[in-house]
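I set out to record which charged pairs hold parts of this chain together, and what its nonpolar interior consists of. The entries follow in the order in which I looked things up.

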Amino acid sequence: MHLVATVLTAVPAPPGLFPAREQMALSLGWHIILSCFGVAFPAMIFVMHRRGLRRNDPVAIELAKRWSKVSAVLFAIGAVSGTVLSFEMGVLWPGLMGRFGGVLGLPFAFEGLSFFVEAIFLGIYLYGWGRMKPSVHVLMLLPMAVAGVIGTFCVLAVNAWMNWPTGFRIVNGQVTDVNPWRAMFNDRVWLQFAHMWVGAFMVVGFSVAGVYAVGLLRGRRDAHHRLGFVVPFVFATVAALVQPVIGHVLGFGMDTHQPAKLASFELAETTTHGPSPIRIGGVVIDGKVYGSIDIPRIGSLVAENSFSNPVPGMDTVPLADRPNDGEINTSHWAFQIMVGLGSALALGVATFWLARWRRRDLLRHRWFLRACAFAGPAAVIALEAGWTATEVGRQPWTVYGVLKTVDAASTHSGLWWLFGVTVVVYTAMTVGAVTVIRSMTRRWRDGETDLPSPYGPALGGGDQR
């Protein structure tokens, strides 16, 4: 009750701030999942399609064809949510875009161009089945994959800039000497991009593999389901094992640049005189920590890459720049959920390949397939938790050390209506996407391998294998 009261009483003065936060959390939390498919799915389809051509494998060709149609559905609704987000930036956060629009214009412009390139080549690829030379057709996936990566980089460049602002000066309260290239290629962008890019492959790899794990659980132990499981699982394996390293390196320097975020992650209310423990669970109430399980020295190892250096606590942050208890607890739990789920997924893939090395096939075991079925949702939750930790952990700043969130938000009190409309639109899009994809999978299981298009010229080349 105290935590709830803390959060509610923390609702600040501008009437538009709370609905703006809620709407941004909904929009970003929804769109980020679709973005992962735009980044990682083209690469997986390319691998599957190329395997089908090189090995004359009809199973791989059919999987690539089906995945491309699912990708088109997800891309379509992702385009809607992405467009909504672009409008929300100006409507919900006029203090940010009005003041720093010139600084952030470059990455947003490139992100828009990347979106168009991805859409164009997705259309060519979908239309090209049976109409293009196979060796050329498969190459249409490469511009899609590259455009998805560039678009992700541009969005992450903006977010990294909010954590590590550079490329401008403020003179007499005015933004001047703007260098948009320096802002875009800020000191934090590459690591944040790598963290998100690899995370996208975890989400898509585990989600797609989980779909075929469910099929294997239901007794469909054919080549289609085994290959549909293994290819995305390989992508997920590499991503899950690399991600902890990237995440650890990403934390370097946070103790000096964003000490409040680090203190929130570690639930460090005060700076210790020696090595800091890692705190599992727990909450902070009125500056005191309750209910945590402390493991000595591990906090220093995780945050400082050392067994002896103390983690700077919240007492090193000026009182006016500290997050409230609700924000500290939210970022702390989000960080621990991300790390916990990411570690479990890494352990799971390592177990699979170790067993395979010892000539044991875990795909024959129902417990492993059940775990794989839950791996996709777990990767999505880890992604959402990581994004929450990044955003809430930066509070009370929107642009760290430059612009506070209360000064960035709209002062309009009618934003709750916009939030309600957004909930309705996103719910409708979710229901529509699930309905379409379920219909496609049901027809595929019924033997309709080539779902007809209601218009357009008829196929002339037949099977391009």
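I began with Glu327 and Arg21, whose side chains form a salt bridge with an N to O distance of 3.1 Å. I note that the model is a predicted one. I then looked up where the two partners sit: Glu327 belongs to helix H13 (residues 325-357) and Arg21 to helix H2 (residues 17-54), so the bridge ties together parts that are 306 residues apart in sequence. Next I checked accessibility. Glu327 has a relative accessible area of 12%, and I entered Glu327 as buried because the cut-off is under 20%. Arg21, at 27%, is partly exposed.

My second pair was Arg66 and Glu62, whose side chains also meet in a salt bridge, again listed at 3.1 Å, N to O. Here both residues lie in helix H3 (residues 58-92), four residues apart, or about one turn of the helix. I found Arg66 buried at 14% relative accessibility, and Glu62 buried at 15%.

For the third pair I recorded Glu269 and Arg279, with 2.7 Å between the closest N and O atoms of their salt bridge. Glu269 is in the loop between helix H11 (259-266) and strand S3 (278-280), while Arg279 is in strand S3 itself, so this bridge connects parts ten residues apart in sequence. Glu269 is partly exposed, with a relative accessible area of 25%, whereas Arg279 is buried at 16%.

I also noted a network of salt bridges that links Arg226, Asp361 and Arg364. The count of salt bridges that I entered for the model is eleven.

I then turned to the nonpolar interior. The largest nonpolar core comprises 82 residues, and the residues with the most contacts inside it are Phe41, Trp67, Phe206, Phe229 and Phe233. Helix H8 (residues 189-217) supplies the largest share of this core, 17 residues. Another core, of 21 residues, lies apart from it and has Leu92, Trp93, Val158 and Leu415 among its members.

Which residues is Phe233 in contact with, leaving aside its neighbours within four places in sequence? I listed Gly205, Phe206, Ala209, Val349, Phe352, Trp353, Phe368 and Cys372. One of these, Phe206, is also named with Phe233 among the residues with the most contacts inside the largest core.

Key: Residues are numbered from 1 along each chain as its sequence is written. This is a predicted model: local features need pLDDT of at least 70, side-chain atom pairs count only at pLDDT 80 or more; totals for chains, interfaces and linings use all residues. Side-chain values use heavy atoms; hydrogens and water are left out. A nonpolar core is a set of buried Ala, Val, Leu, Ile, Met, Phe, Trp, Tyr and Cys residues joined through side-chain atoms within 4.5 Å. Buried means under 20% relative accessible area, exposed over 50%, partly exposed in between (1.4 Å probe, protein chains only). Helices (H or I, at least four residues) and strands (E, at least two) are DSSP runs, numbered from the N terminus. Contact means heavy atoms within 4.5 Å. A salt bridge is a side-chain nitrogen of Lys or Arg within 4 Å of a carboxyl oxygen of Asp or Glu.
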